[in-house]
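Good morning, colleagues. Please have the sequence and the coordinates open while I speak.

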Amino acid sequence: MSSKPLLLLPFRILRTTQFASALPVYQNKRRHYTFSLKMSKDMDKAGNKIERKVSTHLLASEKHVAESVKAIKAGKVIAVPTDTIYGFACDACSAMAVNKIYEIKGRNLTSPLAICVADVSDISRFANVDGLPDGLLDSLLPGPVTVVLTRGDSSILDKTLNPGLKSIGVRVPDYDFIRAVARGSGSALALTSANFSGQPSSISPKDFEHLWHHCAYVFDGGLLQSGRAGSTVVDLTKLRSFKILRSGSAREKTVQVLLSFGLEEEAL
């Protein structure tokens, strides 16, 4: 009776020893599996982030106009090149989208936004052009000029855009892509510089890379050569006179055109 435990002791010791020696291998395999699984998930997440980043950064070309129009109609903000600088654009008649632009830029809600339309002939839908000399707007636009006009009672702009203001800045950029987007949207685009409020204007998508994630799409037109001055802003709300509100990139040419139509310049 006393010998049985002695006979079984080596067997028990052997089984315990074998299990103990195998345990680190099992644990190591489990750790390796867990680490590999976590690494795989992290890689998937990183890949998805990269894929999303790549899929929303597109060339500003004709083949991508459809994506931009769809985003605008969905009330989203896109980044686009113009004939001056890069801008944030959205449906000017969507209060939600307009508010989104203010949030992205950290801009004061009392600072007005300009609008962009596809063609000079579209301006009368959104602003009052009565009293302007025939051919004046066609001589200024398309081009790097923002004309400030009265809205008038016939304007189809939503009242939530620049509330309390009776005037509106209008652009027709000399850039086919953004004009195609405006045309396809069937509306006007609210347009402002693609930067954080108070920061330098952007002439490359890289300049506002930290704001890309706010946009449905960033349309890349490469490095813009016009500089960071932006458009020349001219007030045409008074008959037979004009006032340059911002010199911009085309002041001299703009003044020449306005004077040639018999308008007199007002001092600021």
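Is Arg 183 buried, exposed or partly exposed? With a relative accessible area of 46%, Arg 183 is partly exposed, because buried means under 20% and exposed over 50%. I should state at once that we are dealing with a predicted model.

Let me begin with the charged side chains. The structure contains eight salt bridges. One of them joins Asp 119 to Arg 183, at 3.2 Å from N to O. This pair connects distant parts of the chain: Asp 119 sits in the loop between β4 (114–116) and α4 (136–140), while Arg 183 belongs to helix α5 (residues 176–185), 64 residues apart. Asp 119 is partly exposed as well, its relative accessibility being 23%. Together with Arg 179, these two residues make up a network of salt bridges, linking Asp 119, Arg 179 and Arg 183.

Two further salt bridges deserve attention. In the one between Glu 265 and Arg 251, the N to O distance is 3.1 Å. Here strand β11, which holds Glu 265, is linked to helix α6 (residues 251–260), which holds Arg 251, and the two residues are 14 apart. Both partners count as partly exposed, Glu 265 at 38% and Arg 251 at 34%. In the other, the closest N and O atoms of Glu 266 and Lys 243 are 3.9 Å apart, a pair that qualifies because the cut-off is 4 Å. Glu 266 lies in the segment after β11 (264–265) and Lys 243 in strand β10 (residues 241–246), with their positions 23 residues apart. The relative accessibility is 25% for Glu 266 and 22% for Lys 243.

I turn now to the sheet. Which order do the strands follow? The 11 strands form an open, mixed sheet, ordered β1-β8-β2-β3-β7-β4-β6-β5-β9-β10-β11. Its edges are β1 (57–59) and β11, each of which pairs on one side only. Within the sheet, β3 (residues 86–91) and β7 (residues 189–193) run antiparallel and are joined by five bridges. One residue pair to locate is Cys 90, whose bridge partner in β7 is Ala 190.

Helix α5 packs on this sheet, where it touches β2 (78–81), β4, β7 and β8 (217–220), and its direction makes about 150° with that of β7. The buried residues of α5 are Phe 177, Ile 178, Arg 179, Val 181, Ala 182 and Ser 185. Their cover includes α2 (65–73), in addition to β2, β4, β7 and β8. Just after the helix, Gly 186 adopts a positive phi of about 70°.

Finally, the aromatic side chains. There are four aromatic pairs in the structure. In one of them, Tyr 86 and Phe 208 are tilted, at 5.8 Å between centres and 50° between planes. Because Tyr 86 is in strand β3 and Phe 208 in the loop between β7 and β8, the pair ties together parts 122 residues apart in sequence. Both rings belong to buried residues, with 0% relative accessibility for Tyr 86 and 0% for Phe 208. Phe 208 also pairs with Phe 88: the centres are 5.9 Å apart and the planes at 85°, so this pair is edge-to-face. Since Phe 88 too lies in strand β3, the pair ties together parts 120 residues apart in sequence. Ring pairs thereby link Tyr 86, Phe 88 and Phe 208 into a cluster.

Technical notes. Residues are numbered from 1 along each chain as its sequence is written. This is a predicted model: local features need pLDDT of at least 70, side-chain atom pairs count only at pLDDT 80 or more; totals for chains, interfaces and linings use all residues. Side-chain values use heavy atoms; hydrogens and water are left out. Helices (H or I, at least four residues) and strands (E, at least two) are DSSP runs, numbered from the N terminus. Buried means under 20% relative accessible area, exposed over 50%, partly exposed in between (1.4 Å probe, protein chains only). Two strands pair if DSSP finds at least two bridges between them. Contact means heavy atoms within 4.5 Å. Axes are lines fitted to C-alpha atoms, for helices over the stretch in contact, and angles run from 0 to 180 degrees between N-to-C directions. Rings of Phe, Tyr and Trp (its six-membered ring) pair if their centres lie within 6.5 Å; planes under 30 degrees apart count as stacked, over 60 as edge-to-face and the rest as tilted.
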